[in-house]
Amino acid sequence: MRNKFTTLHSTVVPLPIENIDTDQIIPARFLKATTREGFGENLFRDWRYDKDGTPKEDFVMNSPLYRGQILVAGKNFGCGSSREHAAWAIDGAGFRAVVSSHFADIFRNNALNNGLLPVVVSEQMLSAIFRAVEADPKAELLIDLPAQTIELVGSDFKESFEIAPYKKECLMNGYDDVDFLVSIRSEIEAFEQK
Amino acid sequence: MNTLFDKIWDAHTVRVIDGGSCVLYIDRQYIHEVTSPQAFAGLRQRGIEVFRPQQVTASPDHNIPTKNQHLPIAEPQSAEQVATLVSNCQQNNITIFPIGERRNGIIHVIGPQTGLTQPGMTIVCGDSHTSTHGALGCVAFGIGTSEVEMALASQCILQSKPKSMRINIEGELGKGVCSKDIILYIISKLGTGGGTGHFVEFAGSAIRTLSMEARMTICNMSIEMGARGGMIAPDQTTFDYLKGREFAPQGDEWDKAVERWSKLRSDDDAVFDKEVTFDAADIKPMITYGTNPGMGIAVDEHIPTSEGMDSASKTTFSKALDYMGFAEGEKMAGKPIDYVFVGSCTNGRIEDLRAFTYFVKGKQKAEGVTAWIVPGSKEVERMAIEEGLRDILHEAGFELREPGCSACLAMNEDKIPAGKYCVATSNRNFEGRQGPASRTLLAGPLVAAAAAITGVVTDPRELM
């Protein structure tokens with residue numbers, strides 16, 4: 001059973017870079033663990049820290065100005081490797097949602113399977129969020145999963161977003177696909193006989 | 001009026017649940033050491049067993065050293081991951097080809113090579129390059145570890161059906177142009193997100209003339225344009241490739257299978273959600289200059305400029321060039337390189353090794369260039385030795401290593417040092433992909449060979 005997701009009201013961490021691949025989210029050398037825990041500290045490792053582990057001052061996650069449970073990134077976020085460790089790292093670092101104008105398919109599935117909500121917004125809204133956060137790091141987003149809306153608080157920017165009804169139900173109730181699939185094993189066996 | 005993709009997908013759909021999520025039946029699942037341990041741990045926690053262990057095959061590949069494979073793995077975490085895979089397979093009666101075994105290798109090389117991958121199948125693996133198997137006319141795609149667990153638990157995954165896309169390459173390929181150049185060209189035109197949400201069928205006269213292994217290189221990189229997977233309709237080339245392989249159907253079963261597989265094609269009136277056509281004659285030997293596989297140009301061209309880009313794209317473009325140490329508008333040819341890596345699930349098959357080896361035959365590796373020639377599997381290594389490729393490579397100053405994923409993602413010791421340039425036949429040039437702060441130039445085996453001989457980025461056609 002995972003955490004249930006309904007609404008999220010939070011400041012954001014902006015990363016206005018396009019095509020952020022999962023190798024940047026979590027480099028391959030950190031994939032050697034056999035558990036799901038502990039990836040958060042290496043999220044964006046090579047952007048976040050120097051070779052000797054010193055935090056890089058110019059990276060957004062190291063700035064005291066930017067905190068929050070929502071990561072906002074440029075288009076085509078999560079492209080490249082299928083490593084679910086990327087979703088585990090983002091989740092492990094305390095984020096509950098990622099907002100972009102375009103997500104890579106595998107990352108989107110991995111996020112949903114870990115209770116991390118990927119929210120697709122229009123290019124206009126994405127730029128508006130980046131502008132708002134640049135002007136005021138305290139700018140907030142309100143994500144309402146039951147209503148499927150996202151709002152830049154205190155602005156006219158409010159959009160609805162898509163999510164498969166089944167996945168929405170899973171997120172809102174903390175359900176898990178494996179339980180569901182195991183529960184229909186007899187139907188799968190019947191399918192195999194065809 | 002169905003596409004090949006529709007036919008295979010629909011035939012494997014057990015049930016469509018609310019709003020379009022499909023319960024998709026998986027014929028074959030491949031696993032490796034990096035993305036499976038948490039899935040097995042999940043099953044143990046739930047107290048459930050692997051549902052169809054005979055449909056799962058494992059091979060350690062990502063972490064393994066490419067020298068002295070007869071010795072224990074020195075790096076403790078890598079050793080533990082590989083040992084965990086072995087014990088998970090033993091406990092669950094899953095076939096594994098362990099390190100050093102004749103069938104061991106990169107999972108996407110050995111699937112087709114052993115005949116486990118067959119036309120019409122659905123195939124998944126916790127690895128984005130699972131799209132490789134689509135070259136044999138399968139619906140094959142990469143999944144995350146939660147989905148690995150789903151497939152182990154039920155032989156099914158839950159998945160929305162992607163849209164369909166067809167990419168046609170028509171006409172004749174020019175001299176010195178290989179299948180890697182075709183796919184790098186396509187990605188440079190469509191971008192790294194150009195295929196997102198789609199499953200791609202590659203078609204057209206230029207694709208038809210390609211060998212099976214060349215087709216695998218193309219399908220392998222369909223993920224690099226964001227596509228869910230790539231596939232090519234099976235034909236005589238496919239059947240000739242598969243015939244007689246260890247796990248391919250034999251005797252009467254073979255004839256029946258070929259009859260069935262021959263029907264696997266998109267209907268003439270099939271409509272794709274997206275369709276693009278390129279002229280084969282426009283494709284030249286390619287190389288990348290940036291930090292994603294879409295940042296590619298012909299090896300005789302100049303790096304583009306940021307003129308006309310919007311500000312978000314401009315920021316991303318400058319960040320990439322800064323990382324690479326290149327400037328806008330510069331010529332790629334003549335740029336010095338430090339390393340050459342030939343291998344990976346993209347270009348680590350015997351035809352790739354042959355292309356590289358016959359190019360360097362009688363020449364000498366440039367001084368100061370370090371080259372790693374890594375076969376994609378134990379079988380590729382065996383063939384390379386038997387055919388005399390290893391000896392030719394040796395005479396030209398190159399060394400043939402042992403199989404594995406190696407410097408494609410540098411999880412083992414094969415890391416490109418910070419700041420160094422590597423011409424790599426692998427699939428990703430992301431920042432730090434081949435080691436922290438390494439700089440990757442993606443290319444095919446001929447461009448890699450030309451660079452290895454001259455020590456600078458070189459158009460292979462000049463040396464042919």
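This is a short tour of a predicted model, starting with chain A as a whole and ending at its contact with chain B.

**Stop 1: all of chain A.** Select chain A and switch to cartoon. You should find eight helices and seven strands. The radius of gyration is 18 Å, close to the 16 Å from the globule rule for 194 residues, so chain A is as compact as a globular protein of that length. If you draw the principal axes, the C-alpha trace covers about 60 × 45 × 25 Å along them. Try colouring by burial next: 45% of the 194 residues in chain A come out as buried. For the contact-map fans, take the contacts in chain A with a separation of 6 or more; 67% of them link residues 24 or more positions apart.

**Stop 2: strand β3 of chain A.** Now select residues 97-100 of chain A, which form β3, and show side chains. Are the two faces of this strand covered or not? Both are covered: Ala97(A) and Val99(A) are buried on one side, and Val98(A) and Ser100(A) are buried on the other.

**Stop 3: from β3(A) back to β2(A).** Add residues 70-73 of chain A, strand β2. This strand runs parallel to β3(A), and three bridges join the pair. To see one partnership, pick Val72(A), whose bridge partner in β3(A) is Val99(A), one of the buried residues from the previous stop. Then bring in residues 85-92, helix α3 of chain A. The chain passes through this helix on its way from β2(A) to β3(A), making a right-handed β-α-β crossover.

**Stop 4: from β3(A) on to β4(A).** Select residues 117-120 of chain A, strand β4. Here four bridges make the link to β3(A), and these two strands run parallel. Click Ala97(A) and look for its bridge partner in β4(A), which is Leu117(A). Add residues 105-112, helix α4 of chain A, and you have a β-α-β unit with β3(A) and β4(A) that is right-handed.

**Stop 5: the contact between the chains.** Zoom out and bring chain B into view. Select the residues in contact across the two chains: 46 come from chain A and 61 from chain B. On the chain B side, several elements supply at least two residues each, among them β1 (13-17), α3 (76-91) and α11 (311-324). Which element of chain B gives the most? That is α5(B), with seven residues; select 145-154 of chain B to light it up. Finally, colour this side of chain B by residue class, and you get 20 nonpolar, 29 polar and 12 charged residues.

Conventions:
Residues are numbered from 1 along each chain as its sequence is written. Chains are lettered from A and ligands numbered from 1 in the order in which they are written. This is a predicted model: local features need pLDDT of at least 70, side-chain atom pairs count only at pLDDT 80 or more; totals for chains, interfaces and linings use all residues. A residue is buried if 20 or more other C-beta atoms lie within 10 Å of its own, exposed if 12 or fewer, and partly exposed in between; C-beta atoms are placed from the backbone. Two strands pair if DSSP finds at least two bridges between them. A crossover is right-handed if, with the strands pointing away from the viewer, the path from the first strand over the helix to the second runs clockwise. Two residues are in contact if their C-beta atoms, placed from the backbone, lie within 7 Å. Ala, Val, Leu, Ile, Met, Phe, Trp, Tyr, Cys and Pro count as nonpolar, Asp, Glu, Lys and Arg as charged, and the others, Gly among them, as polar. The radius of gyration is taken over C-alpha atoms; the globule rule is 2.2 Å times the number of residues to the power 0.38.
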